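Open the model in your viewer and show side chains as sticks. The stops below say what to select next and what is there.

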Amino acid sequence: MGIKNYLMAELYKVSHSSLIWLHIFAPLSAVGVFLVYYRFAAWSELGKVAGYLQILSIAYPFMIALVTTVLSDLEVRAGHCQQVLTVPCHRCVIHVVKLSVLLVCGLLSSLLAVIGFGAAFRAMGNSGFSLSFFAGSAILLFCGNITLYGISYLVSFQFSASKGAGIGVGIVGSLVAALMQTGLGDQVWYYVPWGISLRWCSLYALDQAGNTVRLLCTDVMKSVIFVIVSGSVLSILLICWGNTWEAKSTGEE
């Protein structure tokens, strides 16, 4: 059975589980709530758009932890992860496939949350930001959180017997993301994976609004390098961990 078949099987499994609905209803709910609120809020267009992107960035770590926890729970309930442990190939392949499917779903969900908001926001008469801006913001939102998928995946599966571990990482991550938007994060945000997407989206919104703001190019470059390096390290760790993972924390011992 090749990687393509594993990928198709995983896509089929996800499409028939609660994961697909989480990736659809969560962004649609966010769009709906904020559009209703912004209909009456006396904020500027920049304030509304930046505020929405910041809230999404803060909520993203928790949502990542939630979907990875749900995925690990699905495997635990399917014979204590036997579908992963008994595959006729390196186990890391299965983990890479599962994480890849989550990343694809996360990207599509980000596009839905941001572009969907942008289209409706412009339909309400706000023309200060183009749809291409919202598309770019969705990409930044997703790319800034890629390393969090790896962290949450490892925690959720390593401690798959306890849903609290994965969810706890998400809660703490969202709190850290909110903290990174304050002055406390000015000198460290580019080395903290939970604060990168929030800063990227905020700076991008300010730039597109034409504000004469110094975009901290050095800090942005530091964050890009950090995402690339940390992503590479997590990929290697995932492969090494996946080959030795025995699901011992599922309570079988």
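**Stop 1: Tyr52 and its neighbours**

Select Tyr52 in this predicted model. Leaving aside residues up to four places away in sequence, Tyr52 touches Ala30, Val31, Phe34 and Tyr38, as well as Ala113, Val114 and Phe117. Keep Phe117 selected for the next stop.

**Stop 2: the largest nonpolar core**

Which residues touch the most other members of the largest nonpolar core? They are Tyr52, Phe117, Phe134 and Tyr153, in a core of 43 residues. Now colour the helices that each supply at least two residues of this core: H2 (18-38), H3 (45-77), H5 (91-123), H6 (131-143), H7 (146-158), H9 (196-208) and H10 (217-244). Helix H3 gives the largest share, 10 residues.

**Stop 3: a second core**

Next select Met180, Trp189, Tyr190 and Trp200. These residues are among the seven of a second core, separate from the one at the previous stop.

**Stop 4: a nonpolar patch on the surface**

Switch to a surface view and select Trp21, Phe25, Leu28 and Leu112. Together they make a nonpolar surface patch of about 400 Å². Helix H2 is the main contributor, with three residues. Leu28 lies in helix H2. Is Leu28 buried, partly exposed or exposed? Its relative accessibility is 42%, so Leu28 counts as partly exposed, because that class runs between 20% and 50%.

**Stop 5: two cysteines**

Select Cys105 and then Cys240. Cys105 has 12% relative accessibility and therefore counts as buried, the cut-off being under 20%. Cys240, in contrast, is partly exposed, with a relative accessible area of 47%. How many disulfides does a search of the whole structure find? The search finds zero.

**Stop 6: the whole chain**

Clear the selection and go back to a cartoon view. The chain has 10 helices and zero strands, so a walk from the N terminus meets α elements in the order α-α-α-α-α-α-α-α-α-α. Of its 253 residues, 43% count as buried. Take the contacts between residues at least 6 apart in sequence: 79% of them join residues at least 24 apart. With the surface shown again, the chain exposes about 12000 Å². Carbon and sulfur atoms supply 70% of that area.

Notes. Residues are numbered from 1 along each chain as its sequence is written. This is a predicted model: local features need pLDDT of at least 70, side-chain atom pairs count only at pLDDT 80 or more; totals for chains, interfaces and linings use all residues. Side-chain values use heavy atoms; hydrogens and water are left out. Helices (H or I, at least four residues) and strands (E, at least two) are DSSP runs, numbered from the N terminus. Buried means under 20% relative accessible area, exposed over 50%, partly exposed in between (1.4 Å probe, protein chains only). Contact means heavy atoms within 4.5 Å. Accessible areas come from the Shrake-Rupley method with a 1.4 Å probe; for residues, only the protein chains shown count as cover. A nonpolar core is a set of buried Ala, Val, Leu, Ile, Met, Phe, Trp, Tyr and Cys residues joined through side-chain atoms within 4.5 Å. Patches are made of residues with over 30% relative accessible area and no salt bridge: like charges are joined within 9 Å, nonpolar side chains (Val, Leu, Ile, Met, Phe, Trp, Tyr) within 5 Å. A salt bridge is a side-chain nitrogen of Lys or Arg within 4 Å of a carboxyl oxygen of Asp or Glu. A disulfide is a pair of cysteine sulfur atoms within 2.5 Å.
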